[in-house]
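Visitor: I have a new model open and would like to go through its pockets and its helix packing. Could you walk me through them?

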Amino acid sequence: MHFFPIRTRLIAALTLILLSGFFITNVISYRASKHQIHSSIVESSLPLARDNIYSEIQRDLMRPIFVSSLMANDTFLKDWVAAGEKQTGPIIRYLTEIQEKYGFFSSFFVSDITKNYYHFKGILKQIHPDDDHDIWYYRFKEKNIQYDLDVDTNEAEQNHLTIFINHRLTSDEGSFMGVVGVGLDFDRVASLLEDYKAKYDRNIYMVSPDGIIQVHTDQSKILTTSIFDQPGLGDIVQDIFAAKNQPAFFEYDAHGNHILLTSRFVEELDWYLLVEQDETLALKSIQTTFVQNFFIGLGITLITILFAIMVINYFQHQLEIMATTDKMTKAYNRREFERRFHFHTDANRRKTMDLSIILFDIDRLKELNDTRGHLAGDQIIKNIAGIAAAIIRDNDMLVRWGGDEFVILTLGDTDQAISIAGRLLDAVQAHDFLKESTEGGIIQMSISCGVTGFVEGDTLDTVMARADNALYQAKREGRNRVVLATDAG
């Protein structure tokens, strides 16, 4: 039937619209969420974390810088050096008080006159330019700067990694007298960065202007790793250093992840603070939400499509019933009968089946209409249609031909058709059509039947003409009978 292609196209179009709308909506929503997270990181959370970390680093690292500055300007220390460093007791007590009062890992003074390395535990050694552990001193002296920070091993503490704050000690006349300062346990600094990392969920480290990592939670990278050699990061190092005078933001890709990075130059330390966030990890939450919403939405969409298909099928079925059946009797109409007749009489199908026609109408229905009204007549028509529908076989077809005339299209020879017509005749005659009426009594009705078979060369008109003649013959012979058309072959 022509209804099915239309229905299929309608369902396909509806499915395409719903699924397309679902996918497009989800993709747009995901991209909007992704853009929002990216903007939030770049414009808000990452700069805020950077500035907070910068402030906390200044607070935690500037304290020892301030203390070492006080030491470098302490008149006691200057006077003691100027007096010839005759007694070690005073300087050891002085360094011990600094170390204990402020809780530093180390406190020291290196004299440029005696080359003694004074430690809060005593004289550690005499420095020498050929000693690798002492190169820092000569480099610092040559720089002619007030102070710097140096990450190195602490010989006085079993070569423990330490951040030294070195400060130049000069006489009142400005001559160089040595280096004084304190040391911070690197584990404490690394722990500080770990706290920042846990607090802000960022990767935090500090590098010197030559690109060497100075402070990192991974100690294996300290003083051994250059950010110039890092995948993706090495390509933007020059841009990071070029933005020295103001906070900056960068992006790079490494190991399949997209990294967002912000930097800030810490002038007091002459180091760059780098704060990174893996955007790929940040997007995992919305990716998980997207997947969950995707499958939930897909399920709802599929249920909607299934429901729509059921509704379409239901109304399509109702339309098909309206298009193929008679509203009052529920029997097939003439159009469907013609379609089915031509289908069964196709030349390719005629080779394997017989086809017969039973044409019947209700005897004396006009008299009933005149005495009891057309409503009663219509009820009789519906009842007889119901009886016929119960009598015929599943592959037979009951058709309302018009008024009180019906056709039964049966797949069989005329003997089978006569048998069906006979059973129908008896069932109608035995039925009490007023058994549920309030009027009481019994009304008996009868029908007359004309039977013919399909022969080669027949058309619908010729077959129906023979059946009609047989029906009129049954009427002439007294009604309530079955007559076989004599020229049916």
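Guide: What follows takes the pockets and then three helix pairs, and please keep in mind that this is a predicted model.

Visitor: Okay, pockets then. What volume does the largest pocket have?

Guide: The space in the largest pocket comes to about 650 Å³. Its lining is made up of 26 residues, and those closest to the centre are Lys143, Asp148, Leu149, Asp150 and Trp271.

Visitor: Which elements give two or more residues to that lining?

Guide: Those elements are helix H4, which covers 135-143, and strand S4, which covers 147-154. Strand S4 gives the most to the lining of the largest pocket, namely six residues.

Visitor: And how do the lining residues of the largest pocket divide by class?

Guide: There are 13 nonpolar residues and 10 charged ones in the lining of the largest pocket, together with three polar ones.

Visitor: What about the second largest pocket, what is its volume?

Guide: The second largest pocket has about 540 Å³. It is lined by 24 residues, with Asn203, Tyr252, Ile259, Glu276 and Asp278 the closest to its centre.

Visitor: Which elements give two or more residues there?

Guide: For the second largest pocket the list holds strands S7 (203-207), S8 (213-216), S9 (248-254), S10 (257-266) and S11 (271-278), and also helix H7 (279-282). Strand S11 gives the most to this lining, with three residues. By class, the lining of the second largest pocket has 10 nonpolar, eight polar and six charged residues.

Visitor: Switching to helices. At what angle do H12 and H13 cross?

Guide: Helix H12 (residues 374-391) and helix H13 (residues 414-430) cross at roughly 140 degrees, and their axes come within 10 Å. Because of that angle, H12 counts as oblique to H13. The crossing in which H12 passes H13 is right-handed.

Visitor: Which residues of H12 and H13 meet?

Guide: On the H12 side they are Ile384, Ile387, Ala388 and Ile391, and on the H13 side Ile420, Arg423, Leu424, Ala427 and Val428. The contact of H12 with H13 has eight nonpolar residues and one charged residue, with no polar residues.

Visitor: H12 also packs against H11, right where I'm looking. How far apart are the axes of H11 and H12?

Guide: The axes of helix H11 (residues 365-372) and H12 are 7 Å apart, and the two helices pack at an angle of about 140 degrees. That angle makes H11 oblique to H12. In this contact H11 brings Leu365, Leu368, Asn369 and Arg372, while H12 brings His374, Ala376, Gly377, Ile380 and Ile381. The residues of the contact of H11 with H12 divide into five nonpolar, three polar and one charged.

Visitor: One last pair, H2 and H3. Why are they called roughly antiparallel?

Guide: Helix H2 (residues 75-82) and helix H3 (residues 88-102) pack at an angle of about 155 degrees, with their axes 11 Å apart. Angles over 145 degrees count as roughly antiparallel, and H2 and H3 are therefore described that way. Their crossing is left-handed.

Visitor: And which residues meet between H2 and H3?

Guide: Phe76, Leu77 and Trp80 of H2 meet Thr88, Pro90, Ile91 and Tyr94 of H3. In the contact of H2 with H3 there are six nonpolar residues and one polar residue, with no charged residues.

Key
Residues are numbered from 1 along each chain as its sequence is written. This is a predicted model: local features need pLDDT of at least 70, side-chain atom pairs count only at pLDDT 80 or more; totals for chains, interfaces and linings use all residues. Side-chain values use heavy atoms; hydrogens and water are left out. On a 1 Å grid over the protein atoms alone, a cavity is a set of points where a 1.4 Å probe fits but cannot get out, and a pocket is an open set with protein on both sides within 12 Å along at least five of seven lines; lining residues have an atom within 4 Å of a point. Grid points are joined across faces, edges and corners, and a volume is the space filled by probe spheres set on the points. Helices (H or I, at least four residues) and strands (E, at least two) are DSSP runs, numbered from the N terminus. Ala, Val, Leu, Ile, Met, Phe, Trp, Tyr, Cys and Pro count as nonpolar, Asp, Glu, Lys and Arg as charged, and the others, Gly among them, as polar. Axes are lines fitted to C-alpha atoms, for helices over the stretch in contact, and angles run from 0 to 180 degrees between N-to-C directions. Angles under 35 degrees count as roughly parallel, over 145 as roughly antiparallel, 65 to 115 as roughly perpendicular and the rest as oblique. A crossing is left-handed if the near helix is turned anticlockwise from the far one by less than a right angle, and right-handed if clockwise. Contact means heavy atoms within 4.5 Å.
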